[in-house]
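Here are a few exercises to try with the model open in your viewer. Have a go at each task before you read the solution.

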Amino acid sequence: MDGRAGLIWRVPVLGDAGALGRLHHQAWVDAYGDLLPSDWFERWTVADAVAKWEGILRAPEVPDQVRLAVFADDSEAVAWIVVGAARPLDDLAPVRARELWGIYLAREQYGTGLAHALVDHLLGDDPAQLW
């Protein structure tokens, strides 16, 4: 499976903040729920994640940054990826020109090849560092 069938790939807009926030939060629950303190998701809620995405999508565009979201036919987000210029970490200079700033997928997309397709689409064979 190539991870694209029936999915809509596009640049996210402010109206997508709810869908992206819900995906972001659920992806954290799925990936980190067993590793974080039991009250973590009482302190960082879906509403917090949606507000974060509202801020991201309202902010001026970052030079050399590309945001891409993937939606199911019902407009619910199933993945997002952000690639941009590499950022320094504390006093350490970037080791690559490009950086994968973030990538998240809905659990039902695990193993479909969607993550690989997203990275290929935005980075191709170019080297990049991770956030």
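**Exercise 1.** Is Q129 buried or exposed? Work it out, then find what surrounds this residue.

*Solution.* Keep in mind that this is a predicted model.

Step 1: place the residue. Q129 sits in strand β5, which covers residues 128-130.

Step 2: check the accessibility. Q129 comes out at 14% relative accessibility. Buried means under 20%, so Q129 counts as buried.

Step 3: list the neighbours. Setting aside residues within four places in sequence, Q129 has contacts with A86, R87, P94, V95, R96, R98, E99 and L100.

Step 4: look for a polar partner. The Q129 side chain reaches the backbone nitrogen of R96 at 3.4 Å.

**Exercise 2.** Describe how helix α4 packs, taking L123 as your example.

*Solution.*

Step 1: pick out the buried residues of α4, which are L114, A117, L118, L122 and L123.

Step 2: see what they pack against. These buried residues of α4 pack against β1 (8-10), β2, β3, β4 and β5.

Step 3: zoom in on L123, which lies in α4. Its relative accessible area is 8%, so L123 is buried. Beyond four places in sequence, the contacts of L123 are V83, R98 and A128.

Step 4: compare sequence and space. L123 and L100 are 23 residues apart in sequence, and their C-alpha atoms are 8.6 Å apart.

Step 5: look just past the helix. G124 follows α4 and has a positive phi, near 55°.

**Exercise 3.** Which residues of the largest nonpolar core touch the most other members, and which elements give two or more residues to this core?

*Solution.*

Step 1: find the hubs. The core has 30 residues, and L20, V70, V78, W80, I81, L114 and L118 touch the most other members.

Step 2: map the core onto the fold. Two or more residues come from each of α1 (17-32), α3 (46-58), β2 (66-71), β3 (77-85), β4 (98-105) and α4 (114-123). β3 gives the most, with 7 residues.

Step 3: follow one hub outwards. Not counting residues up to four places away in sequence, W80 touches L20, L23, H24, W53, L68, A69, G102, I103 and Y104.

**Exercise 4.** What are the volumes of the largest pocket and the second largest pocket, and what lines each of them?

*Solution.*

Step 1: start with the idea behind the search. Rolling a probe the size of a water molecule over the atoms shows where empty space is left.

Step 2: take the largest pocket, with a volume of about 210 Å³. Its lining has 13 residues, and I56, Q65, W80, V82 and W101 lie nearest the centre. By class, that lining has 7 nonpolar, 3 polar and 3 charged residues.

Step 3: assign the lining to elements. α3, β3 and β4 each supply at least two residues, and α3 gives the most, with 3.

Step 4: move to the second largest pocket, at about 150 Å³. V11, P12, L57, A59, E61, Q65, V66 and R67 line this one. Here the classes are 5 nonpolar, 1 polar and 2 charged.

Step 5: cross-check the two linings. Q65 is among the residues nearest the centre of the largest pocket, and Q65 also lines the second largest pocket.

**Exercise 5.** Where is K52 found, and how does its accessibility class come about?

*Solution.*

Step 1: K52 is in helix α3.

Step 2: at 45% relative accessibility, K52 counts as partly exposed.

Note on methods: Residues are numbered from 1 along each chain as its sequence is written. This is a predicted model: local features need pLDDT of at least 70, side-chain atom pairs count only at pLDDT 80 or more; totals for chains, interfaces and linings use all residues. Side-chain values use heavy atoms; hydrogens and water are left out. A nonpolar core is a set of buried Ala, Val, Leu, Ile, Met, Phe, Trp, Tyr and Cys residues joined through side-chain atoms within 4.5 Å. Buried means under 20% relative accessible area, exposed over 50%, partly exposed in between (1.4 Å probe, protein chains only). Helices (H or I, at least four residues) and strands (E, at least two) are DSSP runs, numbered from the N terminus. Contact means heavy atoms within 4.5 Å. On a 1 Å grid over the protein atoms alone, a cavity is a set of points where a 1.4 Å probe fits but cannot get out, and a pocket is an open set with protein on both sides within 12 Å along at least five of seven lines; lining residues have an atom within 4 Å of a point. Grid points are joined across faces, edges and corners, and a volume is the space filled by probe spheres set on the points. Ala, Val, Leu, Ile, Met, Phe, Trp, Tyr, Cys and Pro count as nonpolar, Asp, Glu, Lys and Arg as charged, and the others, Gly among them, as polar. A polar contact is a pair of N or O atoms within 3.5 Å; within protein, one must be able to donate a hydrogen and the other to accept it, and residues adjacent in sequence count only if both atoms are side-chain atoms.
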